[in-house]
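Visitor: I would like a close look at a single part of this protein. Please pick one residue, start there and work outward.

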Amino acid sequence: MSEAGLDFFVLTGFLGSGKTTLLRDFLELPEAADTAVIVNEAGEIGLDGVVLRESGSELPIAELANGCVCCQIGSDLAFTIDRLVMAPRPLGAGPLRRIILETSGLSMPGPVLRTLATLAEHRMRVAVIGTFDLTRGNDVAAYEEAVAQWAAAHRIVATKADLVAPAALADAPSRIADINPVAEVVAIADRTDAVRAAFASLTAPPRLDVASAPGTAHPRVALCLARPSGEVAYPDLAAWLDNVAGALGERLLRIKGLVQVAESPRPLLIECVGTTFSPPRVLRIEKPPFTGLVIIARDAAAAELAQVAPAGLFKVSPWKAPEASNGTDRPGIKAEWVA
């Protein structure tokens, strides 16, 4: 570990706001060589860890899977941080200077910061980096999770600048200031400059005064896992996704996952934010650990996806809340070391 201490960035932002893309772009820069990463997702499968490894990076990456990191924080996060800090560095590599925790899109930052405050021996400079999706702006402020993420952020990064008019990017600082007037704002058109600025060391000491209770539930939001029943033809997949979007409408928040189709030797990466789908692309990584889709929606009824055509294309799990609660038989966060 560096004698000067570590920068610890909690990368937060609402579902589909561009967190993983921002992190992936940073990890491809030379200055990321002294970085370690912790990835947390609300679902049972860790797709973001797979996507980050696709670039071939040898950086240490650990996953906190099977739960939202803000809802049941125990020893796993602290253990993972200790493991990253104490692990021997590769021969010729400099000291570890930066750890980035990418939280799920539904995580509240407050409980995470309180846990990090107990790790004072590591001399970490803790900061929250939030993402502000320029294509949706303040629309997601209806969700308490998004508001909590922005309110806790020491720095807010305007994302998806390439998808909006220049005026929207120019207006971003004032729109962000309406939400959090004390946060540093990164609203830069050049992608590389924006990525570097997002993970630069803070010039002022960050605050740790976020007011939110541990274990806060995510009301009305639930997720399910859809796994292919057998071989899937691409036209059937496209029809099923289109019908899911039609059935759930504005209640659909996010779909993300991998699906093996008959027409491709490698699985397709499927992503949508709301009912807007990114073009499917072939994932370059060899032998992905799973195939399936995590679907996150609001006010979803148990039987809705079972009725989506083509019938039987996917086996869909019951809807469940993304958090893991104490005193139930749902599993908590489990740290899986994958470096």
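Guide: Let's start at Ser-107, in what is a predicted model. Ser-107 is buried because its relative accessible area is 1%, and buried means under 20%. Where does Ser-107 sit? Its place is in the loop that runs between strand E4 (98-102) and helix H4 (109-116). The side chain of Ser-107 has a partner there: a polar contact of 3.1 Å joins it to the side chain of Ser-104.

Now step along to H4. This helix is mostly covered, with seven of its eight residues buried. The buried ones are Pro-109, Gly-110, Pro-111, Val-112, Leu-113, Thr-115 and Leu-116.

Next, go the other way, to strand E4. Arg-98 lies in this strand, and its side chain meets that of Asp-34 in a salt bridge (2.8 Å, N to O). This pair links distant parts of the chain: Asp-34 is in the loop between H1 and strand E2 (35-40), Arg-98 is in strand E4, and 64 residues separate them. Asp-34 is buried, and Arg-98 is buried too. Another residue joins in. Asp-34, Arg-97 and Arg-98 are linked in a network of salt bridges.

Let's widen the view. How many salt bridges does a search of the whole structure find? The search finds eleven. One of them is formed by Asp-25 and Arg-191, whose closest N and O atoms are 2.8 Å apart. Here too, distant parts of the chain are linked: Asp-25 belongs to helix H1 (residues 19-27) and Arg-191 to helix H7 (residues 191-198), 166 residues apart. Arg-191 is partly exposed, because its relative accessible area is 34%, and partly exposed runs between 20% and 50%.

A further salt bridge brings together the side chains of Glu-304 and Arg-251 (2.7 Å, N to O). Glu-304 is in the loop between strand E13 (292-298) and strand E14 (314-316), while Arg-251 is in the loop between helix H8 (234-248) and strand E9 (252-259). They are 53 residues apart. Are these two buried or exposed? Glu-304 is buried, and so is Arg-251.

Last, consider the empty spaces. The structure holds four cavities of 30 Å³ or more. The second largest has a volume of about 40 Å³. Its lining residues include Phe-14, Asp-133, Arg-136 and Trp-150. By class, this lining has three nonpolar, three polar and two charged residues.

Terms used: Residues are numbered from 1 along each chain as its sequence is written. This is a predicted model: local features need pLDDT of at least 70, side-chain atom pairs count only at pLDDT 80 or more; totals for chains, interfaces and linings use all residues. Side-chain values use heavy atoms; hydrogens and water are left out. Helices (H or I, at least four residues) and strands (E, at least two) are DSSP runs, numbered from the N terminus. Buried means under 20% relative accessible area, exposed over 50%, partly exposed in between (1.4 Å probe, protein chains only). A polar contact is a pair of N or O atoms within 3.5 Å; within protein, one must be able to donate a hydrogen and the other to accept it, and residues adjacent in sequence count only if both atoms are side-chain atoms. On a 1 Å grid over the protein atoms alone, a cavity is a set of points where a 1.4 Å probe fits but cannot get out, and a pocket is an open set with protein on both sides within 12 Å along at least five of seven lines; lining residues have an atom within 4 Å of a point. Grid points are joined across faces, edges and corners, and a volume is the space filled by probe spheres set on the points. Ala, Val, Leu, Ile, Met, Phe, Trp, Tyr, Cys and Pro count as nonpolar, Asp, Glu, Lys and Arg as charged, and the others, Gly among them, as polar. A salt bridge is a side-chain nitrogen of Lys or Arg within 4 Å of a carboxyl oxygen of Asp or Glu.
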